[in-house]
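Work through the exercises below with the sequence and the 3D structure at hand. Try each task before reading its solution.

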Amino acid sequence: MAMSPKILKKFKLFVDGKGYLGIADEIQLPKVTVKTREVTSGFQAPIELDVGQLEKLEGSITLLEYNADMLKLMGDWSGATTPLTARGAIQAQGQPPQPVVVTLEGYFKEVDMGNWKDGEEAKLTMQYTVQKYKLEINNEVIYEIDLYNDVRKINGTDQMALLRAAIGA
């Protein structure tokens, strides 16, 4: 019997403790990329080595309105990070839905109020940069990344622990 893919069927967005169900149109989650260095010396072909860092974590959210509460979060990097939580449900045909929870902490760095067109939504897109990222699927923690504390847990293993210990951190 062929398996069907798990499809995202619903999602809710919470930013700074406020819910945006029906207003949040789309969220672009951070892409997680291990920073590497290409080494060619002595090898038949280049190989890539993990240099102990990740590429910048960033994403965006799009709302179907110009939301004053969201707009006010732009650019204030003086205090605590802004929490952002996206909750979704993925479901394969004939299977029960599974929860997916993405918890982020960071700052909003760009506002795009798009184009105005009579009779259409006034879409608001905001870019954010991330300091903490946690991904849970079906109540299992897959990723837990904390840039300030140099933590990169993937599947329960902190890939930075030995490096932190080596420098006495």
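**Exercise 1.** Decide whether Phe43 is buried, partly exposed or exposed in this predicted model, and then find where Phe43 sits along the chain.

*Solution.* Begin with the relative accessible area of Phe43, which is 44%. A residue is called buried under 20% and exposed over 50%, with partly exposed in between, so Phe43, at 44%, is partly exposed. Next, follow the chain to the loop between strand S4 (34–39) and strand S5 (47–54), which is the place of Phe43. Finally, look at the surface around this residue, where Phe43, Ile47 and Leu49 form a nonpolar patch that has about 250 Å² of accessible area together.

**Exercise 2.** Describe the largest pocket by its volume, by the elements that give two or more residues to its lining, and by the kinds of residues found there.

*Solution.* Start from the volume, which for the largest pocket is about 220 Å³. Then assign the lining to its elements: strand S1 (7–15), strand S7 (82–91), strand S8 (98–112) and strand S9 (124–137) each give two or more residues, and S7 gives the most, with four. Among the residues that line this pocket are Leu8, Phe11, Ile27, Arg87, Val100 and Tyr133. Sorting the lining by kind, as a last step, yields ten nonpolar residues, one polar and one charged.

**Exercise 3.** How many cavities of 30 Å³ or more does a search of the whole structure find, and which element gives the largest share of the lining of the largest cavity?

*Solution.* Recall the idea behind such a search: rolling a probe the size of a water molecule over the atoms shows where empty space is left. The search of the whole structure finds one cavity of 30 Å³ or more, and about 40 Å³ of space lies in the largest cavity. Both S7 and S8 give two or more residues to the lining of the largest cavity, but the largest share, five residues, comes from S8. The lining includes Thr82, Leu84, Glu105 and Tyr128, and its residues divide into five nonpolar, two polar and one charged.

**Exercise 4.** Describe the protein chain as a whole, using its secondary structure, its dimensions and its share of buried residues.

*Solution.* Count the elements, which come to two helices and twelve strands, and read their order from the N terminus on as β-β-β-β-β-β-α-β-β-β-β-β-β-α. For the dimensions, take the C-alpha trace, which spans about 65 × 55 × 30 Å along its principal axes. To complete the description, note that buried residues make up 28% of the 169 residues in the protein chain.

Key. Residues are numbered from 1 along each chain as its sequence is written. This is a predicted model: local features need pLDDT of at least 70, side-chain atom pairs count only at pLDDT 80 or more; totals for chains, interfaces and linings use all residues. Side-chain values use heavy atoms; hydrogens and water are left out. Patches are made of residues with over 30% relative accessible area and no salt bridge: like charges are joined within 9 Å, nonpolar side chains (Val, Leu, Ile, Met, Phe, Trp, Tyr) within 5 Å. Accessible areas come from the Shrake-Rupley method with a 1.4 Å probe; for residues, only the protein chains shown count as cover. A salt bridge is a side-chain nitrogen of Lys or Arg within 4 Å of a carboxyl oxygen of Asp or Glu. Buried means under 20% relative accessible area, exposed over 50%, partly exposed in between (1.4 Å probe, protein chains only). On a 1 Å grid over the protein atoms alone, a cavity is a set of points where a 1.4 Å probe fits but cannot get out, and a pocket is an open set with protein on both sides within 12 Å along at least five of seven lines; lining residues have an atom within 4 Å of a point. Grid points are joined across faces, edges and corners, and a volume is the space filled by probe spheres set on the points. Ala, Val, Leu, Ile, Met, Phe, Trp, Tyr, Cys and Pro count as nonpolar, Asp, Glu, Lys and Arg as charged, and the others, Gly among them, as polar.
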